[in-house]
Amino acid sequence: MNTQGEDQKVAYICEGTCQAKITQEQYDKGLTKCGTESCTYFGKPFKKVKV
Ligand SMILES: [Zn+2]
């Protein structure tokens, strides 16, 4: 069980045109930046947000 007391989750989003949304789990697996070549933020790191 989660004993940290907080139930706040985080996600990672691309601020470019693709507007991808990445979970913490995906981020931890190495998906840390936008991989959509047509996106204006291609190759840029995702922004951490609270969800
Ligand atoms: Zn993108």
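In which loop does Gln 19 lie? Select Gln 19 to begin: this residue lies in the loop between strand 1 (10–13) and strand 2 (21–23). The model is a predicted one, in which local features need pLDDT of at least 70 and side-chain atom pairs count only at pLDDT 80 or more, while totals for chains, interfaces and linings use all residues. Residues are numbered from 1 along each chain as its sequence is written.

**First stop: the loop at Gln 19**

Although Gln 19 is not a glycine, its phi is positive, at about 55 degrees. Gln 19 counts as exposed because 12 other C-beta atoms lie within 10 Å. On this scale, a residue is exposed if 12 or fewer other C-beta atoms lie within 10 Å of its own, buried if 20 or more do, and partly exposed in between, with C-beta atoms placed from the backbone.

**Second stop: the whole chain**

Next, display the protein chain as a cartoon. The chain has one helix and three strands, and along the sequence these follow the pattern β-β-α-β. Helices (H or I, at least four residues) and strands (E, at least two) are DSSP runs, numbered from the N terminus. Of the 51 residues in the protein chain, 10% count as buried. Among contacts with a separation of 6 or more, 39% are made by residues 24 or more positions apart. A contact here requires that the C-beta atoms of two residues, placed from the backbone, lie within 7 Å.

**Third stop: the sheet**

Now select the three strands. They form an open sheet with the order 2-1-3 and antiparallel pairing. Strand 2 and strand 3 (47–50) are the edge strands, each pairing on one side only. Neighbouring strands of this sheet are turned by 40 degrees against each other on average, direction ignored; the axes are lines fitted to C-alpha atoms, for helices over the stretch in contact, and angles run from 0 to 180 degrees between N-to-C directions.

Two strands pair if DSSP finds at least two bridges between them. Strand 1 and strand 2 pair in the antiparallel sense over three bridges; select Ala 11 to find Thr 23 of strand 2 opposite. On the pairing of strand 1 with strand 3, also antiparallel, there are four bridges. There, Tyr 12 stands opposite Lys 48 in strand 3. In general, the strands of a sheet pair through backbone hydrogen bonds, either parallel or antiparallel.

**Fourth stop: Ile 22 and the core**

Select Ile 22, which has its place in strand 2. Is Ile 22 buried or exposed? Ile 22 counts as buried because it has 20 C-beta neighbours inside 10 Å. Leaving aside residues up to four places away in sequence, Ile 22 touches Ala 11, Tyr 12, Tyr 27, Leu 31 and Phe 46. The C-alpha atoms of Ile 22 and Lys 48 are separated by 9.2 Å, with their positions 26 residues apart along the chain.

Extend the selection to Tyr 12, Cys 14, Cys 34 and Phe 46, which together with Ile 22 make up the largest nonpolar core, five residues in all. A nonpolar core is a set of buried Ala, Val, Leu, Ile, Met, Phe, Trp, Tyr and Cys residues joined through C-beta atoms within 7 Å. In soluble globular proteins, nonpolar side chains tend to be buried together.

**Fifth stop: Thr 32**

Move to Thr 32, in the loop between helix 1 (24–28) and strand 3. Thr 32 counts as partly exposed because it has 13 C-beta neighbours inside 10 Å. Its contacts, not counting residues up to four places away in sequence, are Tyr 27, Pro 45 and Phe 46. Thr 32 and Cys 14 are 18 residues apart in sequence, and 9.8 Å apart in space from C-alpha to C-alpha.

**Last stop: the segment before strand 1**

Finally, select Gln 8 and Lys 9. Lys 9 has its place in the segment before strand 1 and is exposed, with 10 other C-beta atoms within 10 Å. The C-alpha atoms of Lys 9 and Gln 24, 15 residues apart along the chain, are separated by 8.3 Å. Gln 8 also belongs to the segment before strand 1, and counts as exposed with 7 C-beta neighbours inside 10 Å. From C-alpha to C-alpha, Gln 8 and Lys 50 are 7.0 Å apart in space, and 42 residues apart in sequence.
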